[in-house]
Amino acid sequence: MEQSTDELDGLVRKRIRALRVAQGWSLEELAGRANLSQSSLSRIENGQRRLALDQLVTLARALDTTLDQLVETASDDVIISPTTDGAHGLMRWPVKSDPGMTVVRQRMTEPPPDNPARMRAHPGREWLVVLSGTAVLMLGHRRFRVETNQAAEFPTMLPHAIGAEGGPCEILGIFDRDARRGHQRDSRRTGMDCAPDLPHTT
């Protein structure tokens, strides 16, 4: 549902004030940065002065944002439901603002593979946090234990694999476009029993 003009007007005014307060700036400080009088800025924030395009451009620049971000409307589809692959204990969410990114939650029960040939390497970057249990990240010739609430970030051009240690673990991973595509190519090439975007060995 599209927002009305009045709703958008009010949202932009609140956003200007919120951004100013977040920077710790007084009305006087932002007015100086935007080449406006303090009274003009106060009336803009309070809805007592018409929003002019040239002033919005200047204010966006002064607030270190863009005009598009300043007037961006709220989305009705805020809630995103995951796709689920129960066979691999995996849930996956797209990131709407960046279709190249994917967020994955996976439950693992097996340790990482002993055979280095089962480790994968491909362009991209991955970030993961362990939600519960202990994970083992194999990265090149190194072995890392990743405990609950610890995170790891690494370039996926390094051969890598991940598994559980001492019982099941759950991880939440963020994959950029290249990493996601790399996993898809790996799974098609090897024919491994794998999740849609994420091989069983990560």
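Which helices do the buried residues of α3 pack against? Here are my notes on that and on the salt bridges, bearing in mind that this is a predicted model.

1. To take the opening question: the buried residues of α3 pack against α1 (5–22), α2 (27–33) and α4 (53–62). The helix itself covers residues 38–46, and its buried residues are Ser40, Leu41, Ile44 and Glu45. Looking down the axis of α3, these residues fall within an arc of 135°, so they line one face of the helix. The spacing fits the usual geometry: an α-helix has 3.6 residues a turn, so residues three or four places apart point the same way. Note that Glu45 is on the buried list alongside Leu41 and Ile44.

2. Just past the helix, have a look at the backbone. α3 is followed by Gly47, and the phi of Gly47 is positive, near 80°.

3. On to the charged side chains. The count comes to 7 salt bridges. One of them pairs Glu153 with Arg125, at 3.0 Å from N to O. This pair links distant parts of the chain, with Glu153 in strand β7 (residues 151–155) and Arg125 in strand β4 (residues 125–132), 28 residues apart. How do the two partners sit with respect to solvent? Glu153 counts as exposed because its relative accessibility is 51%, a value just past the cut-off of over 50%. Arg125, at 38% relative accessibility, counts as partly exposed.

4. Arg145 deserves a point of its own. Its side chain forms a salt bridge with Glu147, where the closest N and O atoms are 2.6 Å apart. Arg145 also meets Glu165 in a salt bridge, again with 2.6 Å from N to O. That second pair links distant parts of the chain: Arg145 belongs to strand β6 (residues 142–146), whereas Glu165 lies in the loop between β8 (160–164) and β9 (169–175), 20 residues apart. Salt bridges that share partners join Arg143, Arg145, Glu147 and Glu165 into one network.

5. Buried or partly exposed: where do Arg145 and its two partners fall? Arg145 counts as partly exposed, because its relative accessibility is 44%. Glu147, at 29% relative accessibility, counts as partly exposed. Glu165 has 24% relative accessibility, so it counts as partly exposed too; the cut-off for buried is under 20%.

How values were computed:
Residues are numbered from 1 along each chain as its sequence is written. This is a predicted model: local features need pLDDT of at least 70, side-chain atom pairs count only at pLDDT 80 or more; totals for chains, interfaces and linings use all residues. Side-chain values use heavy atoms; hydrogens and water are left out. Buried means under 20% relative accessible area, exposed over 50%, partly exposed in between (1.4 Å probe, protein chains only). Helices (H or I, at least four residues) and strands (E, at least two) are DSSP runs, numbered from the N terminus. The arc is that of the directions from the helix axis to the C-beta atoms. Contact means heavy atoms within 4.5 Å. A salt bridge is a side-chain nitrogen of Lys or Arg within 4 Å of a carboxyl oxygen of Asp or Glu.
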